Amino acid sequence: MKLPRRQFLHVAAGAVALPAVSRIARAQAYPTRPVHIIVGYAPGGGTDIFVRLSSLPLSERLGQPFIVDYHPGAASNIATDAVVRAPADGYTLLGTDAAAAINATLYDKLSFNFIHDIAPVGIIRGPLVMMVHPSVPAKTVPEFIAYAKANPGKISMASAGIGNASHVAGELFKMMTRIEMTHVPYRGAAPAITDLLGGQVEAFFGSPLVTIDHIRAGRLRALAVTTSTRFEGLPDIPTVAEFMPGYEASQWFVIGLRKSTSAEIIDKLNEEINAVLADAKIKVRLAELGTSVFPGSSDEYRRFVAEETEKWGKVVKFAGLKPE
């Protein structure tokens with residue numbers, strides 16, 4: 001039976017529209033069951049805090065539990081691999097940090113390509129603080145550079161681990177100034193700070209979250225912050241870039257999911273997380289942690305991660321870094 005032309009065109013147009021309508025319907029219905037967020041580190045760190053700050057409001061907004069699971073190890077590579085292998089349905093999310101950009105070059109072989117396999121849907125970021133033990137005579141970045149050049153290799157630079165943001169921030173500083181410092185890696189920021197306070201190491205590029213009280217009390221001396229703008233928690237401390245144009249390093253934390261997930265679900269999560277982070281109480285809490293909201297679309301976040309991957313790749317290669 002032949003349909004009249006007008007009726008045929010109407011039916012054909014409806015058939016074309018059906019896939020789009022069904023995609024929108026799925027996104028509107030999402031989530032219909034609990035969502036798991038796999039965190040690449042042990043509880044208590046910056047990534048965990050970010051994920052937990054986001055998970056409860058997301059549960060309230062979307063009507064389903066957002067459950068935090070922990071898969072620590074290999075600088076969050078284990079967690080990323082688990083998310084990449086999970087179904088691309090929006091029910092398995094990833095919580096990680098700047099290691100996502102650093103690991104791309106630090107590790108010779110990975111089972112995933114973060115930029116190609118993960119769609120970031122929420123990011124916060126903040127500065128690290130370049131600090132020294134009070135026994136170091138330098139009180140400014142230029143004085144520190146002059147002291148380091150006059151005493152090559154004498155300064156020990158602590159980090160929270162090989163390839164950690166605290167490590168590569170210091171390596172970028174070394175690369176740009178051509179100074180020598182002896183790298184001393186620790187298993188986390190806490191033991192690094194303990195030895196810095198005790199004078200066993202002299203310098204550290206660390207998070208204000210765990211160092212700001214020591215700085216304010218005078219137990220550690222802050223020379224500069226690593227972001228391109230000053231940190232409101234330490235407004236009198238200059239940026240490294242004020243003395244070394246072009247220097248920039250930040251700690252950042254990200255929530256993402258498989259990039260092959262439907263665009264509608266990715267966009268919905270991105271919109272909801274940005275709405276959660278725009279809440280005034282959340283902003284205050286983030287500021288207390290030394291971070292701030294980084295609003296943007298998933299595509300804008302992906303370009304940011306790509307830029308970070310390229311930058312830290314150069315530093316990793318220059319310094320000849322290898323994973324632990």
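Helix α4 is mostly covered, with six of its eight residues buried. These buried positions are Ala99, Ala100, Ala101, Ile102, Asn103 and Leu106. The cover over them includes α3, β3, α5, α7 (165-177), β10 and α12 (298-319). As the model is a predicted one, this and everything that follows describes computed geometry.

Helix α3 (residues 77-85) offers a companion view. Here Asn77, Ala79, Thr80, Asp81, Val83 and Val84 are buried. Their packing partners are β1 (35-39), β3 (92-97), α4 (99-106), α5 (114-117), β4 (118-127) and β10 (250-258). Just ahead of this helix, in the loop between β2 (66-70) and α3, sits Ser76. With a relative accessibility of 2%, Ser76 counts as buried, and its phi is near 80°, a positive value in a residue other than glycine.

It helps to recall that most residues other than glycine have a negative phi, and that most peptide bonds are trans. Arg178 also has a positive phi, near 60°. This arginine lies in the loop between α7 and β7 (182-185) and is exposed, its relative accessible area being 61%. A further backbone feature is found at Pro31, in the loop between α1 (5-29) and β1: the peptide bond that joins Tyr30 to Pro31 is cis, with omega near -5°.

Turning to helix pairs, two packed helices are described by the angle and the distance between their axes. For α2 (residues 46-62) and α10 (residues 263-277), the axes come within 9 Å and cross at roughly 110°. Angles of 65 to 115 degrees count as roughly perpendicular, so α2 is roughly perpendicular to α10. On the α2 side, the contact is made by Phe50, Leu53, Ser54, Pro57, Leu58, Arg61 and Leu62. Helix α10 contributes Lys268, Glu272, Ile273, Ala275, Val276 and Leu277.

These details belong to a protein with 12 helices and 11 strands. Its C-alpha atoms fill a box of roughly 95 × 40 × 35 Å along the principal axes. Of the 324 residues, 50% count as buried. Among contacts between residues at least 6 apart in sequence, 76% join residues at least 24 apart. The accessible surface comes to about 15,000 Å², and carbon and sulfur atoms account for 56% of that area. As for charge, the protein has 33 positive and 30 negative side chains, and the centres of the two sets lie 6 Å apart.

Technical notes
Residues are numbered from 1 along each chain as its sequence is written. This is a predicted model: local features need pLDDT of at least 70, side-chain atom pairs count only at pLDDT 80 or more; totals for chains, interfaces and linings use all residues. Side-chain values use heavy atoms; hydrogens and water are left out. Helices (H or I, at least four residues) and strands (E, at least two) are DSSP runs, numbered from the N terminus. Buried means under 20% relative accessible area, exposed over 50%, partly exposed in between (1.4 Å probe, protein chains only). Contact means heavy atoms within 4.5 Å. Accessible areas come from the Shrake-Rupley method with a 1.4 Å probe; for residues, only the protein chains shown count as cover. Lys and Arg count as positive and Asp and Glu as negative; His and the chain ends are not counted. The place of a charge is taken as NZ of Lys, CZ of Arg, CG of Asp or CD of Glu. Axes are lines fitted to C-alpha atoms, for helices over the stretch in contact, and angles run from 0 to 180 degrees between N-to-C directions. Angles under 35 degrees count as roughly parallel, over 145 as roughly antiparallel, 65 to 115 as roughly perpendicular and the rest as oblique.
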